[in-house]
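I opened a new page for this structure. My plan is to go from the overall fold to single residues.

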Amino acid sequence: RRFELDDKPVADARVGDIVSATVTLIVPDDRYHLLVEVPIPAGTEAVDSSLATERPEFGPPELTPVDEPFTRWTPTYTDIRDDKVALFATYVPAGTYQYTVQVRATVPGEYRVLPVYAEQMYFPDVWGRSAGQLFTVIE
């Protein structure tokens with residue numbers, strides 16, 4: 001996972017900044033019933049473009065293939081919560097994908113961000129996890 005502001009990697013943001021949180025997902029074999037949980041820093045909130053109060057220039061969370069442009073995968077369901085964004089998929093073809101969600105910095109402080117976690121829901125021995133991170137929101 002990496003956080004970017006204006007296409008540059010960042011570990012901090014000012015209150016009000018919109019930061020892209022991008023997760024790289026490597027799927028070595030076709031998978032069924034995949035869950036990916038992307039925790040966001042406590043001092044931020046996920047931008048939910050489905051709300052009428054959100055500005056129209058922010059799109060929904062975006063998923064793009066990295067290595068094979070003809071492989072397409074769309075999450076079956078995306079769940080935006082206060083502390084994380086979770087995506088569910090019935091089927092994911094093998095490949096490398098990047099999943100990007102926008103978050104808005106809201107509360108100043110230094111926050112520890114939980115690792116991204118993925119699992120094949122009905123086969124719990126198939127899972128993966130990223131490293132945790134430190135993210136700072138500056139006033």
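These are my entries, in the order I looked things up.

**Entry 1: the fold**

I note at the start that this is a predicted model. I counted secondary structure in the protein chain and got zero helices and 14 strands. Read along the sequence, the pattern is β-β-β-β-β-β-β-β-β-β-β-β-β-β. I then checked burial. Of the 139 residues, 39% count as buried. I also looked at how far apart contacting residues sit in sequence. Among contacts between residues at least 6 apart, 70% join residues at least 24 apart.

**Entry 2: the core**

Which residues have the most contacts inside the largest nonpolar core? I found Phe3, Val19, Leu25, Val36, Val38, Val92 and Phe135, in a core of 27 residues. Next I asked which strands supply at least two residues each. They are E4 (18-27), E5 (31-39), E9 (84-92), E10 (95-105), E11 (109-113) and E14 (133-138).

I picked Phe3 from that list for a closer look. Leaving out residues up to four places away in sequence, I find that Phe3 touches Lys8, Pro9, Val10, Val19, Ser20, Ala21, Pro41, Val113, Gln133 and Phe135. Val19 and Phe135 are among these partners, and both are also on the list of core residues with the most contacts.

**Entry 3: salt bridges**

I count six salt bridges. I wrote up three of them, including the pair of Glu4 and Arg2.

- Glu4 and Arg2 meet through their side chains, 2.8 Å from N to O. Glu4 is buried, at 18% relative accessibility. Arg2 is partly exposed, at 30%.
- Glu45 pairs with Arg104, and their closest N and O atoms are 3.6 Å apart. This pair links distant parts of the chain: Glu45 is in strand E6 (residues 44-46), Arg104 is in strand E10, and 59 residues separate them. Glu45 is partly exposed, at 38%. Arg104 has 18% relative accessibility, so it counts as buried, the cut-off being under 20%.
- Asp79 pairs with Arg81, with the closest N and O atoms 2.8 Å apart. Is Asp79 buried or exposed? Asp79 is buried, at 15% relative accessibility. Arg81 is partly exposed, at 47%.

**Entry 4: the largest pocket**

How much space lies in the largest pocket? I get about 300 Å³. I listed its lining and found 19 residues. Leu25, Ile26, Ala118, Trp127 and Gly128 lie nearest the centre. Leu25 is familiar from my core entry, being one of the residues with the most contacts there.

The elements that give two or more residues to the lining are E4, E5, E12 (117-120) and E13 (123-129). E4 gives the most, with five residues. By class, I sorted the lining into 11 nonpolar, four polar and four charged residues.

**Entry 5: Arg31**

Last, I looked up Arg31. Arg31 lies in strand E5, an element that also supplies at least two residues of the core. I compared the position of Arg31 with that of Glu119. The two are 88 residues apart in sequence and 9.6 Å apart in space, C-alpha to C-alpha.

What does Arg31 touch, not counting residues up to four places away in sequence? I found Thr90, Tyr91, Val92, Gln120 and Val126. Val92 also stands on my list from the core.

Terms used: Residues are numbered from 1 along each chain as its sequence is written. This is a predicted model: local features need pLDDT of at least 70, side-chain atom pairs count only at pLDDT 80 or more; totals for chains, interfaces and linings use all residues. Side-chain values use heavy atoms; hydrogens and water are left out. A nonpolar core is a set of buried Ala, Val, Leu, Ile, Met, Phe, Trp, Tyr and Cys residues joined through side-chain atoms within 4.5 Å. Buried means under 20% relative accessible area, exposed over 50%, partly exposed in between (1.4 Å probe, protein chains only). Helices (H or I, at least four residues) and strands (E, at least two) are DSSP runs, numbered from the N terminus. Contact means heavy atoms within 4.5 Å. A salt bridge is a side-chain nitrogen of Lys or Arg within 4 Å of a carboxyl oxygen of Asp or Glu. On a 1 Å grid over the protein atoms alone, a cavity is a set of points where a 1.4 Å probe fits but cannot get out, and a pocket is an open set with protein on both sides within 12 Å along at least five of seven lines; lining residues have an atom within 4 Å of a point. Grid points are joined across faces, edges and corners, and a volume is the space filled by probe spheres set on the points. Ala, Val, Leu, Ile, Met, Phe, Trp, Tyr, Cys and Pro count as nonpolar, Asp, Glu, Lys and Arg as charged, and the others, Gly among them, as polar.
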